[in-house]
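Student: I have a structure here and would like to understand the words people use for it. Could you go through some of them with me?

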Amino acid sequence: MKVDVILGLQWGDEGKGKIVDALAPAYDIIARFQGGPNAGHTIIFNDRKFVLHTVPSGIFRREITNVIGNGVVLDPVTFCKEIDAIIDAGFNPEENLIISGNCHLIMPSHRLLDAISETAMGDQKIGSTLKGIGPTYTDKYARKGLRAGAIEMSDFQLQYNKRKEQHFDYIRLTGTDIAQFRFDGLTFGEYEKLWFEAIEKLKKFKIVATEVFLNNALKNGKQVLAEGAQGTLLDIDFGSYPFVTSSNTTTGGVCTGLGIAPQYVGKVFGIFKAYCTRVGNGPFPTELHDEMGELIRKNGNEFGSTTGRPRRTGWLDLPALRYAVMLNGVTDLVMTKADVLTGLETIQVCSSYKCAGKEYIMPELAIENDCSTVNQPLKGWTDDISKTETLEALPDGLKNYLNFIQMATGIQVTCVSTGPDRTQIIKI
Ligand code: GDP
Ligand code: IMO
Ligand code: MG
């Protein structure tokens with residue numbers, strides 16, 4: 001068997017959680033391969049809404065095993081809050097969630113380092129979610145990280161203290177007064193206490209070699225779906241560096257983040273919104289600073305699932321989409337939030353970039369920094385699509401829009417999401 005992949009093709013928040021949840025019944029296992037609590041994946045069913053940060057989006061289906069892979073960074077405090085909410089809703093995540101012993105733990109001092117780094121950058125700041133992602137991956141690659149597998153070791157507290165002291169030595173050099181810092185209103189000491197309580201709760205979960213579990217599952221004919229976080233344009237290597245996250249959000253991250261060899265990667269579902277959004281700083285060639293941008297933000301409820309920040313909005317960017325399709329080896333495109341554009345007379349699509357009189361259909365090198373966009377206007381549609389169940393029944397304007405994107409990317413759109421609920425999906 002092969003591992004299918006669901007990942008974002010833009011700057012995150014494409015609706016990955018919704019699509020994973022909607023496609024989950026076809027799978028036995030859902031595995032997160034990178035990122036951490038910077039992610040916010042929204043799932044809506046039976047009039048209930050959940051926002052998952054670290055836990056895979058198959059958790060609400062009892063028959064599915066959910067895996068937090070080695071490529072993920074896990075904050076025990078956020079994780080336990082999520083788990084409590086899932087248990088309150090009547091589910092039993094201890095039974096269908098396993099965690100890689102190799103996934104790295106986000107320590108309270110990593111969050112402190114994140115905040116200090118962003119403050120020091122002033123206007124140039126990345127706009128991080130401040131969840132400690134960058135510093136935790138930094139320690140991982142510096143071979144100084146603390147992994148989930150260490151929590152049962154007798155010297156865990158010692159290992160923790162050693163890392164914390166190293167962080168504190170650096171923090172003191174920056175002149176930061178640690179006593180002044182607050183984590184959601186808590187002092188460092190209070191938050192650290194919470195962190196160790198969360199470590200005790202973490203011990204109730206199976207912490208295993210998930211790479212062995214997954215490879216055995218594949219051998220035994222199980223269907224596995226890998227769930228990405230963030231989006232291609234936030235990838236540490238291929239995103240708009242340095243305004244990126246600290247992991248590989250692209251298909252390559254599945255191999256390293258789960259321990260799956262490349263020949264076992266199957267379908268790659270690339271999720272994209274019918275327009276673009278970005279939360280945080282960095283280039284956004286098609287960004288709208290006008291009333292249209294405001295309308296899309298309002299109709300699409302474009303406010304961050306993790307931080308509540310308003311998302312920047314803009315038209316669909318085909319050069320960026322082509323680039324994302326190329327990088328990920330996308331086999332199937334999935335469009336979300338087409339319903340948000342319902343009622344617009346005209347929809348603009350950026351078909352190419354123009355730089356120094358030359359036209360580009362891919363964002364080669366860093367040209368997005370000083371280029372203009374070439375837009376193609378397309379006729380919109382007015383019919384409500386929120387209850388539409390077949391491709392044929394979609395309005396002509398939307399069908400044309402889908403065809404246009406398929407022609408431009410060479411990939412078929414095999415799913416269209418028509419609203420936030422689990423049931424609002426057209427499989428083509
Ligand atoms: P993720 O991080 O990629 O999982 O996406 P988020 O959950 O951060 O943001 C997507 C938002 O759009 C959430 O509020 C979803 O409930 C919502 N959503 C997903 N698909 C659709 C759709 O097709 N239409 C509408 N209107 N909302 C959607
Ligand atoms: P999901 O999985 C949207 C953005 C942040 C910031 C940059 C770096 O919900 O799609 P970090 O906290 O990683 O240091 O932030 O990346 N970012 C996201 N934007 N969706 C996400 O996740 C994001 N995770 C990080 O806003 O610009
Ligand atoms: Mg999100």
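Student: What makes the residues of E7 buried, and which way do they point?

Tutor: Leu97 and Ile99 point one way from E7, while Ile98 and Ser100 point the other way. "Buried" stands for under 20% relative accessible area, and all four of these residues are buried. Keep in mind that this is a predicted model.

Student: Why do side chains go both ways from a strand?

Tutor: Because in a regular strand the side chains alternate between the two faces of the sheet.

Student: How do you know that E5 and E7 are paired?

Tutor: Two strands count as paired if there are at least two bridges between them. Strand E5, residues 65–68, is joined to E7 by three bridges, so the two pair, and they run parallel. Within this pair, Asn66 stands opposite Leu97. E7 is also joined to E9 by three bridges, again in parallel, with Ile99 opposite Ile207.

Student: What makes E10 a strand with both faces covered?

Tutor: Look at its two sides: Val224 and Ala226 are on one, Leu225 and Glu227 on the other, and all are buried. E10 has partners too: four bridges join it to strand E1 (residues 3–8), and four join it to strand E2 (residues 29–32). Both pairs run parallel. Val3 of E1 stands opposite Val224, and Ala31 has Ala226 as its bridge partner.

Student: Which order do the strands take in the sheet?

Tutor: The order is E9-E7-E5-E2-E10-E1-E11-E15-E19-E20, an open sheet of ten strands with mixed pairing.

Student: Why are E9 and E20 said to stand at the edges?

Tutor: Strand E9 (206–208) and strand E20 (425–427) each have a single partner strand, so one side of each is left without a neighbour in the sheet. From one strand to the next, the twist averages 20°.

Student: In which sense do E19 and E20 pair?

Tutor: In the antiparallel sense, over three bridges, with E19 covering residues 413–417. Cys415 has Lys427 in E20 as its bridge partner. Helix H11 (residues 396–409) packs on the sheet, where it touches strand E11 (265–273), strand E15 (332–336) and E19. The direction of H11 makes about 145° with that of E15.

Student: Why is Asn96 called buried?

Tutor: Its relative accessibility is 6%, and the cut-off for buried is under 20%. So Asn96 counts as buried. This residue is found in the loop between helix H2 (76–88) and strand E7 (97–100). Leaving aside neighbours within four places in sequence, Asn96 is in contact with Gly58, Ile59, Arg61, Arg62, Ile64, Thr65 and Asn66.

Student: How do you know that Asn96 makes a polar contact with Arg61?

Tutor: The side chain of Asn96 reaches the backbone oxygen of Arg61 at 3.3 Å. A polar contact needs N or O atoms within 3.5 Å, so this pair qualifies.

Student: Why does Ala356 count as exposed?

Tutor: Exposed stands for over 50% relative accessible area. Ala356 has 89% relative accessibility, so it counts as exposed. It is found in the loop between strand E16 (346–355) and strand E17 (358–360), and has a positive phi of about 45° although it is not a glycine.

Student: Where is Asn301, and what is its phi?

Tutor: Asn301 is in the loop between helix H9 (291–299) and strand E13 (312–314). Its phi is positive, about 50°, although Asn301 is not a glycine.

Student: What is the omega of the peptide bond from Tyr241 to Pro242?

Tutor: Omega is near 5°, and the bond is cis. Pro242 is found in the loop between strand E10 (224–227) and helix H8 (252–258).

Student: Which residues are closest to ligand 2?

Tutor: Asp13, Lys16, His41, Thr129 and Thr245 are the closest of the 20 residues that surround ligand 2.

Student: What makes the approach of Lys16 to ligand 2 a polar contact?

Tutor: An oxygen atom of ligand 2 is 2.7 Å from an N or O atom in the side chain of Lys16. That is within 3.5 Å, so it is a polar contact. For Thr129, a polar side-chain atom lies 2.5 Å from an oxygen atom of the ligand, and for Thr245 the distance from an N or O atom of the side chain is 2.6 Å. Taken alone, ligand 2 exposes 550 Å², and the protein buries 97% of that.

Terms used. Residues are numbered from 1 along each chain as its sequence is written. Chains are lettered from A and ligands numbered from 1 in the order in which they are written. This is a predicted model: local features need pLDDT of at least 70, side-chain atom pairs count only at pLDDT 80 or more; totals for chains, interfaces and linings use all residues. Side-chain values use heavy atoms; hydrogens and water are left out. Axes are lines fitted to C-alpha atoms, for helices over the stretch in contact, and angles run from 0 to 180 degrees between N-to-C directions. Contact means heavy atoms within 4.5 Å. Buried means under 20% relative accessible area, exposed over 50%, partly exposed in between (1.4 Å probe, protein chains only). A polar contact is a pair of N or O atoms within 3.5 Å; within protein, one must be able to donate a hydrogen and the other to accept it, and residues adjacent in sequence count only if both atoms are side-chain atoms. A residue is near a molecule or strand if one of its heavy atoms lies within 4 Å of it. Accessible areas come from the Shrake-Rupley method with a 1.4 Å probe; for residues, only the protein chains shown count as cover.
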